Amino acid sequence: MSDGLDEQEAGKGKLLPAWSGQTKFFPQPRGTSRPTMMAVSLIAIAVLTAGAYAATPTPLDQAHVDALIADCEVQQKADACTELLTARLPFKKQQIASIYALRGSARQSAGDLKGALEDYDQALRVEPKLTQVYLTRGALYLNGGEPQKAADDFGRFINASPGASEGYYNRGLAFRALNRCGRAVSDFQQTLKLDERFAEAAYQKGVCEHALSQLEQAMASYDLALSIRPDFVDALVNRGAAGLKLGRAVKAEQDFKEALSLNPKNLLVSYNLGRVYVDLGRLDDAIEQFSQTLLIEPAHRLALYNRGIAYFEQKKGEQALADLDAVIRMSEANASQLNGSPTGINYDLSDFSSQNGVLASEAALASAYLKRGMLYHLNGSFDLAIADYDKAAKFNPDLKDTAPLRGKAQRLEKLTW
């Protein structure tokens, strides 16, 4: 089929353009869900060993202090951390820094990201050697859209803890966000040297190699990820996408089917499997798969477009016209409307893609106008055909068929299949 949609070039600073799901822009940075600070017992011991508690001028009794420590560290209650910081207790510098970091974690969990960042900054001012905070603050920067600051913090963590895999992994994510995939690949490779069973690092390495068009290396990385975690849906999907680009459509079909068996409602996988059938020339299977995709998301323009093209190739004009009409109506109504797309990190084999979901690109929309114009032309609706040919030429002046077809329509020459 002449209108097959090619995989997007990867490599924008915003990650790869076909990622779906903006909320979880990155996988959760590893080892950063909350700070691994001082243990409760260590804070309590610091209070007791700094001198006889009764001799310490404080209005708090020991039971209350113990409760505050538990609430601050275990229950993540910011107020308890604040009370510990303001009470006259004989904490050492590292304990004070730890409490600031714990309060930062509590504030972060409550959605107070500004307050969390202030506490992480203060923790590091009090005790720069509390290196875990660099990892935690870096994750906050990364998920907040400041990847350079994140990379800097992860670098500081690496300098202090060169044997910890999470530093390299998280810095790799930051470099990927900065569109520095070469550096990211190096960090993910180092992660795997330190933790050879880290499936997510193998997958992320594959993603960056994929973005660099190093498809064989990407395939090997996805293979490694799947050898560690056979149910890794994103790795199956991306391996299928890479395989399809390498001309291995049958293997791509297997990967997409396996991914769909693990997640039957995955919109992107369902659509991509339909694209594999198009590439294999199995139009009946493609139409059925795109129909399944539309059961998940009825407004999926890519599925409508490709099913319409498949119907067109099968000379089923009525069905083709209905699908192409729907695509064009959606695009004309709101050219920037996002499709309802799944969260997750997958390649979308489309040229409707944007970072957040599915947009009608000018080239694909031009193709829809062209095909619909041809259907009108076949039916003898010459005025409608001419209007669509004009719109196709407007969106994509390089379409070669538009001018001669428009000329025929102006001469009222009816087309035949």
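User: How many residues does helix H14 have, and what distance does helix H14 reach from its first C-alpha to its last?

Analyst: In this predicted model, helix H14 runs over residues 267–279, which gives 13 residues. At 1.5 Å a residue the expected reach is 18 Å, and the value computed from the first C-alpha to the last is close to that, namely 19 Å.

User: Is H14 largely enclosed by the rest of the structure or open, and how many of its residues are buried?

Analyst: Buried here means a relative accessible area under 20%. The buried residues of H14 include Leu267, Tyr271, Asn272, Gly274 and Arg275. Because the buried residues make up nearly the whole helix, H14 is largely enclosed by the rest of the structure, the count being twelve of the 13 residues.

User: Which helices do the buried residues of H14 pack against?

Analyst: Packing is judged by contact, that is, by heavy atoms within 4.5 Å. By that criterion the buried residues of H14 pack against four elements, which are helix H12 (233–245), helix H13 (249–262), helix H15 (283–296) and helix H16 (301–313).

User: Which backbone nitrogen does a side-chain oxygen of Asn266 reach at the start of H14?

Analyst: A polar contact requires a pair of N or O atoms within 3.5 Å. At the start of H14, the side-chain oxygen of Asn266 comes to within 3.1 Å of its partner, which is the backbone nitrogen of Leu268.

User: Is Lys257 buried, partly exposed or exposed?

Analyst: Lys257 lies in helix H13, and, leaving aside residues up to four places away in sequence, Lys257 touches Leu273 and Tyr277. The C-alpha atoms of Lys257 and Leu273 are 7.2 Å apart, although 16 residues separate the two along the chain. Since its relative accessibility is 41%, Lys257 counts as partly exposed.

User: At what angle do H16 and helix H18 pack?

Analyst: In this pair, Tyr305, Ile309, Phe312 and Glu313 of H16 meet Ala364, Ser367, Ala368, Lys371, Met374 and Leu375 of H18. By class, the contact of H16 with H18 comprises seven nonpolar, one polar and two charged residues. The crossing of H16 and H18 is left-handed, and, with their axes 11 Å apart, H16 and H18 pack at an angle of about 35°.

User: What percentage of the 417 residues in the protein is made up of buried residues?

Analyst: The secondary structure of the protein comes to 20 helices and zero strands. Among contacts between residues at least 6 apart in sequence, 60% join residues at least 24 apart. Of the 417 residues in the protein, the share that is buried comes to 55%.

Key: Residues numbered from 1 in each chain as written. Predicted model: local features only at pLDDT ≥ 70, side-chain atom pairs only at ≥ 80, totals over all residues. Heavy atoms only, no water. Helix = DSSP H or I, 4+ residues; strand = E, 2+ residues; numbered from the N terminus. Expected span 1.5 Å × (residues − 1). Buried < 20%, exposed > 50% of the residue type's maximum accessible area, 1.4 Å probe, protein only. Polar contact = N/O pair within 3.5 Å; in protein donor to acceptor, adjacent residues only side chain to side chain. Axes fitted to C-alpha atoms, helices over the stretch in contact; angles between N-to-C directions. Left-handed = near helix turned anticlockwise from the far one by under 90°. Nonpolar A, V, L, I, M, F, W, Y, C, P; charged D, E, K, R; others polar.
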